[in-house]
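Colleague: I have a structure to go through and would like some help reading it. Can we take it piece by piece?

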Amino acid sequence: MSDMLALDFMRNALLAALVVGLAAPLVGIFLVQRRLSLVGDGLGHVALAGVAIGVVTDSSPVWTALVAAVLAGVVIELIRARGRTSGDVALALMFYGGLAAGVVIINKVEGAQTANLTGYLFGSITTTTRSDVAVFTALSAVIVLVTVVLRQRLFAVAGDEEFARASGLPVLALNIVLAVLTAVTVVVAMRVIGLLLISALMIIPNAAAQQLSASFRAATWWAVGLGVVSSVGGVMTSYYADTASGGTIVLLAIALFALAVLGGSLRKAVATARHRHAERHLHEHGPGCGHEAVAHGDHVDYLHDGHRHAAHEGHYDEHADHPSADADPGSGGVAGARTGRHTLGDREEVTR
Amino acid sequence: MSTGVSAPPPVVDLRRASFGHLGRPVVTDVDLAIAPGQVVAVLGPNGSGKTTLVTGLLGLSDHLGGTVEVLGTPLARLRDRTRIGYVPQRHTLSGGVRATVAEIVATGLLATRPWWRPAGRRGREAVRRALETVGLADRARFDVDTLSGGQQRRVLIARALVADPEVLVMDEPTAGVDEASQKVLAGVLRGLATSGTTMLVVTHELGALRGTVDRVLAVDAGHLSFDGTPQEYAAHQAERARAAGREDA
């Protein structure tokens with residue numbers, strides 16, 4: 001560990017990985033929500049054209065890539081807002097045009113040697129300079145600040161654009177903000193995991209977080225945690241295993257996703273085994289439903305033919321008759337009480 | 001007219017109004033005034049333009065002609081859109097991610113405060129009240145995907161109610177909902193009607209709303225083809241059926 005931290009370029013690399021791991025999932029959750037998971041990939045393609053322009057004009061590729069990606073992001077939203085069916089083809093033209101132009105220009109300038117090109121496409125974290133890290137950190141701070149302040153609005157627009165527009169939210173403006181955030185994330189992550197792999201760090205930690213949480217809020221924090229573990233862990237692994245950092249980060253993220261799926265289904269299985277379903281009935285318990293309501297901890301049970309029914313997911317659970325019995329896990333509580341009517345038919349009610 | 005007591009100004013006032021999409025009119029020449037507290041059902045076959053008509057009041061379809069006043073203000077100049085609550089016809093609530101019932105309902109309040117201000121205690125209180133109105137207060141922290149179709153519809157109603165709108169526009173609130181949930185849903189709508197909420201409900205069938213609706217509009221081929229009470233509508237339907245029967249004979 002200390003040998004790694006003693007190296008200047010590794011300190012830069014780890015810091016860059018940390019800020020990318022923080023910012024990418026924070027933006028990515030809205031892309032997952034809008035079912036536009038691959039838009040980051042497309043913006044990465046266009047950013048390569050920006051890099052090429054930077055190489056040709058001998059200016060900093062980070063800034064030219066940023067301009068190209070931001071412009072592309074805004075154009076995408078304008079095309080989507082017009083809602084024409086040809087929009088899809090327009091995106092393909094833009095994405096592949098960007099990638100092709102980038103490859104052609106960089107090869108033309110640098111001859112047959114493609115080390116620089118590969119560095120941008122797949123990341124070359126060890127060549128990240130101190131000033132690069134400073135720029136990435138500043139840009140990431142902006143991304144985090146904007147997403148945290150606007151997250152509820154971005155959530156509303158990504159979840160139900162029609163309602164957001166009807167309620168008076170500036171839908172197009174918020175969509176453009178998200179596109180710009182995505183573009184900035186792509187550029188920040190460009191040196192760390194590469195333009196072809198960046199989308200993975202925006203999407204996969206979020207896919208994993210969905211397995212572990214039931215609320216948007218919790219999913220966001222899970223995704224950020226998993227993103228940081230993937231990016232920092234990936235860079236450390238690549239140092240010791242002598243592997244490509246970008247690919248290692250993505251493979252680690254996928255491994256975490258697999259663990260999350262496993263953990264999520266285990267938790268569900270345990271939860272299913274530990275509680276008892278009430279008999280099925282079409283009647284829905286609620287205020288004024290005719291059944292007596294009994295406060296029970298953080299929820300309300302309804303007294304139904306002497307049984308206490310509590311809403312849970314798509315069904316009702318049978319809760320113990322005496323609050324003291326299930327308040328004390330030592331006496332068996334919910335799990336150990338009469339197993340009652342627990343049939344396969346009941347289990348089928350668990351939708352996920 | 002000059003009885004001394006002037007009637008309250010209409011909530012919705014359309015004069016020869018047309019609405020459509022991309023410049024192409026779908027409903028035309030609509031004259032309509034809805035008084036406060038009225039519960040109006042908008043009926044019509046698919047493609048008749050009934051949804052275009054009501055979404056026109058929300059700025060979701062284009063206002064192409066005539067005058068449209070909502071809450072006494074010309075539509076284009078109505079700044080606070082949350083005064084009109086909207087319950088869209090939808091099947092998913094949160095897109096591709098998990099979200100709780102309370103998180104969805106809270107989005108109905110966003111347009112009522114500036115972008116930099118986070119939700120406060122009053123906002124959380126409003127969410128709780130809206131969920132209570134639709135009978136889902138005990139499910140505030142549930143993942144919305146675990147709710148039944150009818151309960152999800154009530155979440156959408158709560159989201160529209162949370163900003164205290166003066167008129168509620170609903171698109172097919174009872175469609176595709178099983179009978180038990182439909183009863184609860186009808187109860188919620190009846191409760192809102194009793195408390196004086198003005199409602200405009202697009203629907204296929206009046207059955208679920210019987211006793212709640214006090215005015216029926218029928219839209220056919222882009223025009224209002226009927227405007228009257230539910231009783232008059234039943235008579236109108238019977239008349240049409242008889243006429244059709246004579247033609248067949």
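Modeller: What follows is a walk through a predicted model, starting with its scores.

Colleague: Fine. Which ipTM and pTM does the model score?

Modeller: The ipTM is 0.92 and the pTM is 0.87.

Colleague: And chain B, what is its mean pLDDT?

Modeller: Chain B has a mean pLDDT of 90. Of its residues, 96% reach 70 or more.

Colleague: Which element of chain B has the lowest mean pLDDT, and which the highest?

Modeller: The lowest is helix 6 of chain B, residues 230-248, with a mean of 86. The highest is helix 2 of chain B, residues 101-106, at 96.

Colleague: Staying with chain B, how many helices and strands does it have?

Modeller: Chain B has 6 helices and 10 strands.

Colleague: What about its overall dimensions?

Modeller: The C-alpha trace of chain B spans about 60 × 45 × 40 Å along its principal axes. Its radius of gyration is 19 Å, which agrees with the value near 18 Å that a compact globule of 249 residues would have. As for burial, 51% of the 249 residues of chain B count as buried.

Colleague: Let's do sheets. In what order do the strands of the open sheet in chain B come?

Modeller: The order is 2-1-4-5, with 4 strands and antiparallel pairing. Strand 2 (24-34) and strand 5 (73-74) of chain B are the edge strands, each pairing on one side only.

Colleague: What holds paired strands together in general?

Modeller: Strands of a sheet pair through backbone hydrogen bonds, and the pairing is either parallel or antiparallel.

Colleague: Back to this one. How many bridges join strand 1 to strand 2 of chain B?

Modeller: There are 7 bridges between strand 1 of chain B (residues 12-21) and strand 2 of chain B, and the two run antiparallel. One partnership to look at is B:His21 with B:Arg24, which lies in strand 2 of chain B.

Colleague: What sits between those two strands?

Modeller: The hairpin of strand 1 and strand 2 of chain B has 2 residues between the strands. In that hairpin, B:Leu22 takes a positive phi near 50°.

Colleague: And the other edge, how many bridges join strand 4 to strand 5 of chain B?

Modeller: Strand 4 of chain B (residues 62-70) is joined to strand 5 of chain B by 2 bridges, again antiparallel. B:Val70 has B:Thr73 of strand 5 of chain B as its bridge partner.

Colleague: Now chain A. In what order do the strands of its open sheet run?

Modeller: The order is 1-2-3-4, and the pairing of these 4 strands in chain A is antiparallel. Strand 1 (292-296) and strand 4 (315-319) of chain A each have a single partner strand, so one side of each is left without a neighbour in the sheet. On average, neighbouring strands of this sheet are turned by 40° against each other, direction ignored.

Colleague: What about the middle of it?

Modeller: Strand 2 (residues 299-304) and strand 3 (residues 307-312) of chain A run antiparallel and are joined by 3 bridges. A:His304 has A:His307, in strand 3 of chain A, as its bridge partner.

Colleague: Change of topic. How many aromatic pairs does the structure hold?

Modeller: There are 4 over all chains. One of them is A:Phe155 with A:Phe216, a tilted pair with 4.5 Å centre to centre and 45° between the planes.

Colleague: Which parts of chain A does that pair tie together?

Modeller: A:Phe155 lies in helix 7 (residues 130-159) of chain A and A:Phe216 in helix 11 (residues 216-241) of chain A, so the pair links parts 61 residues apart in sequence.

Colleague: Are those two rings on buried or exposed residues?

Modeller: A:Phe155 counts as buried because its relative accessibility is 5%, and the cut-off for buried is under 20%. A:Phe216 is buried too, at 3%. Together with A:Phe30, they form one aromatic cluster.

Colleague: Another pair?

Modeller: A:Tyr239 and A:Tyr240 form an edge-to-face pair, 5.0 Å centre to centre and 80° between the planes. A:Tyr239 is partly exposed at 25% relative accessible area, and A:Tyr240 is partly exposed at 47%.

Colleague: Last one. Which rings have a charged end over them?

Modeller: The charged end of A:Arg191 sits over the ring of A:Tyr120, 4.7 Å from its centre. Between chains, the charged end of B:Arg159 sits over the ring of A:Phe163, 3.7 Å from its centre.

Definitions and conventions: Residues are numbered from 1 along each chain as its sequence is written. Chains are lettered from A and ligands numbered from 1 in the order in which they are written. This is a predicted model: local features need pLDDT of at least 70, side-chain atom pairs count only at pLDDT 80 or more; totals for chains, interfaces and linings use all residues. Side-chain values use heavy atoms; hydrogens and water are left out. pLDDT is the predictor's confidence in each residue, from 0 to 100. Rings of Phe, Tyr and Trp (its six-membered ring) pair if their centres lie within 6.5 Å; planes under 30 degrees apart count as stacked, over 60 as edge-to-face and the rest as tilted. Buried means under 20% relative accessible area, exposed over 50%, partly exposed in between (1.4 Å probe, protein chains only). A charge sits over a ring if NZ of Lys or CZ of Arg is within 6 Å of the ring centre and within 35 degrees of the ring normal. Two strands pair if DSSP finds at least two bridges between them. Axes are lines fitted to C-alpha atoms, for helices over the stretch in contact, and angles run from 0 to 180 degrees between N-to-C directions. The radius of gyration is taken over C-alpha atoms; the globule rule is 2.2 Å times the number of residues to the power 0.38.
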